[in-house]
Amino acid sequence: LELASPTDYRLARLKAMRVFHSPLGASSSRSLEQVFADLTEGADSGAEEISVKGRTVPVPRAARGVACFTFDALCGQPLGAEDYITIARRYHTIVLDSVPRLTEDRRNEAKRFMTLIDAFYEHKVNLVMASETPPNDLYKGETHAFEFERTISRLMEMQSTDYLESDHREAAE
């Protein structure tokens, strides 16, 4: 039975939610759990795997086009643009937990995070994120300071109504 509706109720729910949560802790973790439950309408979720050029990228939890990851699972591992683009093509919304403040000693993770946000932004993926600090204070290093400004700009735009209302299906193709 097909029910065609001009209203995307998941999008309406997402627009009503906070998409960035900080600081990290029990409260932000509970918020992300609630976001996942709301966006998946309580559907059964489980681990999945994505194949990228013969490699396997584990997806800790997913249901109905929404996937949950930790920062370390995506940016603490040797992943790159192809991995992130494959994730972006498969899921319309990513719930990302435990994003730390990035300093010079985590410049590799910061670079991966920039690449991740670029892939999600270009493919119009919705992002719900819990981080140690607000987006403006996420990077306190020197190596990627200039480039990270674009990441902050994209993170800010990704919480805008215009971004959330853009046609995500068209961007992913």
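Helices and strands, as the words are used on this tour, are DSSP runs numbered from the N terminus, where a helix has at least four residues and a strand at least two. With that in mind, colour the protein chain by secondary structure, and you will find eight helices and six strands. Please remember throughout that this is a predicted model.

**The whole chain**

Follow the chain from its beginning, and the elements come in the pattern α-β-α-β-β-β-α-α-β-α-β-α-α-α. If you then switch on a surface, its accessible area comes to about 9,300 Å², of which 47% belongs to carbon and sulfur atoms. Of the 173 residues in the protein chain, 42% are buried. Among the contacts between residues at least 6 apart in sequence, 76% join residues that are at least 24 apart.

**The sheet**

Hide the helices for a moment and look at the strands, which form an open sheet of six in the order 1-6-5-4-3-2, with mixed pairing. The edges are strand 1 (20-21) and strand 2 (46-52), each of which pairs on one side only. Strands of a sheet pair through backbone hydrogen bonds, either parallel or antiparallel.

Begin at the edge formed by strand 2 and select residues 55-63 as well, which make up strand 3; these two strands run antiparallel and are joined by six bridges. One pair to display is Gly46 with its bridge partner in strand 3, Ala62.

Now move to the other edge, where strand 1 runs parallel to strand 6 and is joined to it by two bridges. Here Phe20 has Met129 of strand 6 as its bridge partner. Strand 6 also pairs with strand 5, again in the parallel sense, over five bridges, and in this pairing Ile94 is matched with Leu127.

**Strand 6 from both faces**

Select residues 126-131 and show their side chains. In a regular strand the side chains alternate between the two faces of the sheet. In strand 6, Asn126, Val128 and Ala130 point one way, while Leu127, Met129 and Ser131 point the other way. Is this strand mostly covered or mostly open? It is mostly covered, since six of its six residues count as buried.

**Helix 4 and Ile87**

Bring the helices back and select residues 81-90, which form helix 4. This helix packs on the sheet, touching strand 2, strand 3, strand 4 (66-70) and strand 5 (93-99), and its direction makes about 125° with that of strand 2.

Within helix 4, select Ile87. Ile87 counts as buried because its relative accessibility is 0%, and buried means under 20%. Leaving aside residues up to four places away in sequence, Ile87 touches Ile50, Val57, Phe69, Leu74, Ile94 and Phe120. Draw a distance from Ile87 to Val57, and you will see that these two residues, 30 apart in sequence, lie 8.9 Å apart from C-alpha to C-alpha.

**The nonpolar core**

In soluble globular proteins, nonpolar side chains tend to be buried together. The largest nonpolar core here has 50 residues, and those with the most contacts inside it are Ile94, Leu96, Phe113 and Leu127. Helix 5 (residues 107-122) gives the most to this core, with eight residues. Centre the view on Leu96, whose contacts beyond four places in sequence include Leu32, Phe69, Phe113, Leu127 and Met129.

**Thr93 in strand 5**

Next, select Thr93, which is found in strand 5. Thr93 is buried, with a relative accessible area of 1%. Its side chain makes a polar contact with the side chain of His92 at 2.8 Å. Apart from residues up to four places away in sequence, Thr93 touches Leu39, Gly65, Val66, Ala67, Val125 and Asn126.

**Three backbone details**

Most residues other than glycine have a negative phi, and most peptide bonds are trans. The last stops depart from this pattern.

- Select Ser22 and Pro23, where the peptide bond is cis, with omega near 0°; Pro23 is in the loop between strand 1 and helix 2 (26-39).
- Select Lys53, in the loop between strand 2 and strand 3, which has a positive phi of about 50° although it is not a glycine, and which is exposed, with a relative accessible area of 67%.
- Select Ser98, in strand 5, which has a positive phi of about 65° although it is not a glycine, and which counts as partly exposed at 36% relative accessibility.

Key:
Residues are numbered from 1 along each chain as its sequence is written. This is a predicted model: local features need pLDDT of at least 70, side-chain atom pairs count only at pLDDT 80 or more; totals for chains, interfaces and linings use all residues. Side-chain values use heavy atoms; hydrogens and water are left out. Two strands pair if DSSP finds at least two bridges between them. Contact means heavy atoms within 4.5 Å. Axes are lines fitted to C-alpha atoms, for helices over the stretch in contact, and angles run from 0 to 180 degrees between N-to-C directions. Buried means under 20% relative accessible area, exposed over 50%, partly exposed in between (1.4 Å probe, protein chains only). A polar contact is a pair of N or O atoms within 3.5 Å; within protein, one must be able to donate a hydrogen and the other to accept it, and residues adjacent in sequence count only if both atoms are side-chain atoms. A nonpolar core is a set of buried Ala, Val, Leu, Ile, Met, Phe, Trp, Tyr and Cys residues joined through side-chain atoms within 4.5 Å. Accessible areas come from the Shrake-Rupley method with a 1.4 Å probe; for residues, only the protein chains shown count as cover.
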